[in-house]
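Subject: Structure for you to look at, with notes

Dear colleague,

Here is the structure we spoke about, with my notes below it. Please read them with the coordinates open beside you.

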Amino acid sequence: MDRVKLNDALEMSRLVYGMWRLGDDADTSVDHIRNKISACLDQGITTMDQADIYGGYEAEEILGSALTPELRNQIEIVTKCDIVAPVGRYANARVKYYDTSRAHILSSVDHSLRLMKIDHIDLLLIHRPDPLMDACETGAALDEVVASGKVRAVGVSNFRPWDWELLQSSMKTPLVTNQIEISLLHHAPFTNGDIAFHQKNGQPPMAWSPLGGGALFEPKNAALRTALKTIGDDRGVDDAAVAVAWLLAHPARILPVLGTNNLDRIKRIGDAARIQIDRETWFELYTHALGHEVA
């Protein structure tokens, strides 16, 4: 499994295991969570993606219950903050909102450390752009959690280039990644400037929902699904692996985040890293995704 260096202190596996559905599994036992992590590690997948809000603010604690010092030392933990939804510890909130204040960021970091029973977060992301963000306050808070040793690196999620530049302008610590939606069904980042911006600045983007939230497999996408299956059959992998390999083929060093609770599927996540997608095949799939040939 290839690894991607985000800064001098942090490398992540090219494929990332997404834990947003961890609390949705019928089995959230310690042994089952450990089996999922072990299945990832067997493939060289060492990076686990969390967020405070996942599972109604419970997924981090589910992960923490399964971590041993040995397991913790083998993985990188990504988590996120700033979404406040009226569930779990924020059940009394009147409305869902974003909070990028210093107090909220510091509190969220401490909650995450306590729930996951860890002494540092490898990568902390601001989960959503906040229309009320005070970039000076937010930037200083992110600098503070890095300086304290509680967080090794910081980044953002779902930011556009101008949101990134505003926040970065008020920080000493470099932002290292932006986790955005990228897939064959959400390919706008390839042409709207998002990926170009980060590629220009040497920041590998993370891709959430790289399989389009399962929409790739809906009847309306039958032609694309057939193309994926044909390529997969030829390479000895399934169509999902081909869709992820399509992202891996891009020179921006995209890190797809893949989440499933099915242990057999977890064991196959690494298949995407075993195959190469050449330029013509890449455009063949892109043509199906667009619904027409490129101009």
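Which helix and which strand each supply at least two residues of the lining of the largest pocket? They are helix 10, residues 239-248, and strand 12, residues 255-258. Before going further, please keep in mind that this is a predicted model.

**The largest pocket**

The largest pocket holds about 520 Å³ of space. It is lined by 23 residues, and those closest to its centre are L211, A240, L258, G259 and T260. Helix 10 gives the most to this lining, with three residues. Sorted by class, the lining of the largest pocket is made up of eleven nonpolar, six polar and six charged residues.

**Salt bridges**

The count of salt bridges comes to 17, and I describe three of them here.

In one of them, R160 pairs with D194, the closest N and O atoms being 2.8 Å apart. R160 lies in the loop between strand 9 (151-157) and helix 7 (161-168), while D194 belongs to helix 8 (194-201), so the pair ties together parts that are 34 residues apart in sequence. As for their surroundings, R160 is partly exposed, with a relative accessible area of 27%, whereas D194 is buried, at 6%.

Another salt bridge links R274 and D271, with a distance of 3.4 Å from N to O. Here R274 is exposed, with a relative accessible area of 52%, whereas D271 is buried, with a value of 15%. D271 lies in the loop between helix 11 (263-266) and helix 12 (279-290), and, if its neighbours within four places in sequence are left aside, D271 is in contact with V237 and A241.

A further salt bridge is formed by E11 and R3, whose closest N and O atoms are 3.2 Å apart. Both partners are partly exposed, E11 with a relative accessible area of 39% and R3 with one of 37%.

**Helix 8**

Since D194 has already come up, helix 8 is a natural next stop. Its buried residues are D194, I195, F197 and H198. Seen down the axis of helix 8, these buried residues fall within an arc of 160°, so they line one face of the helix. What covers them includes helix 7 and strand 10, the latter spanning residues 175-181. Helix 8 is followed by G202, a residue whose phi is positive, near 70°.

**Two residues with positive phi that are not glycines**

K117 has a positive phi of about 55° although it is not a glycine, and N158 likewise has a positive phi, of about 65°, without being a glycine. K117 is placed in the loop between helix 5 (102-116) and strand 8 (121-126), and N158 lies in the loop between strand 9 and helix 7. Are these two residues buried or exposed? K117 counts as exposed, at 64% relative accessibility, whereas N158 counts as buried, at 16%. When you inspect the loop between strand 9 and helix 7, you will find R160 there as well.

**T100 and its contacts**

The last residue I would point out is T100, which is found in the loop between strand 7 (97-98) and helix 5. T100 is buried, with a relative accessible area of 2%. Which residues is T100 in contact with, once its neighbours within four places in sequence are left aside? They are D82, I105, I126, D130, M133 and T138. Of these, I126 belongs to strand 8, which covers residues 121-126, and I105 falls within helix 5, which covers residues 102-116. T100 and R128 are 28 residues apart in sequence, and their C-alpha atoms are 9.2 Å apart in space.

If you have time for a few places, I would suggest looking at the lining of the largest pocket, to which helix 10 gives the most, then at the pair R160 and D194, and lastly at the loop that holds T100.

With best wishes

Terms used: Residues are numbered from 1 along each chain as its sequence is written. This is a predicted model: local features need pLDDT of at least 70, side-chain atom pairs count only at pLDDT 80 or more; totals for chains, interfaces and linings use all residues. Side-chain values use heavy atoms; hydrogens and water are left out. On a 1 Å grid over the protein atoms alone, a cavity is a set of points where a 1.4 Å probe fits but cannot get out, and a pocket is an open set with protein on both sides within 12 Å along at least five of seven lines; lining residues have an atom within 4 Å of a point. Grid points are joined across faces, edges and corners, and a volume is the space filled by probe spheres set on the points. Helices (H or I, at least four residues) and strands (E, at least two) are DSSP runs, numbered from the N terminus. Ala, Val, Leu, Ile, Met, Phe, Trp, Tyr, Cys and Pro count as nonpolar, Asp, Glu, Lys and Arg as charged, and the others, Gly among them, as polar. A salt bridge is a side-chain nitrogen of Lys or Arg within 4 Å of a carboxyl oxygen of Asp or Glu. Buried means under 20% relative accessible area, exposed over 50%, partly exposed in between (1.4 Å probe, protein chains only). The arc is that of the directions from the helix axis to the C-beta atoms. Contact means heavy atoms within 4.5 Å.
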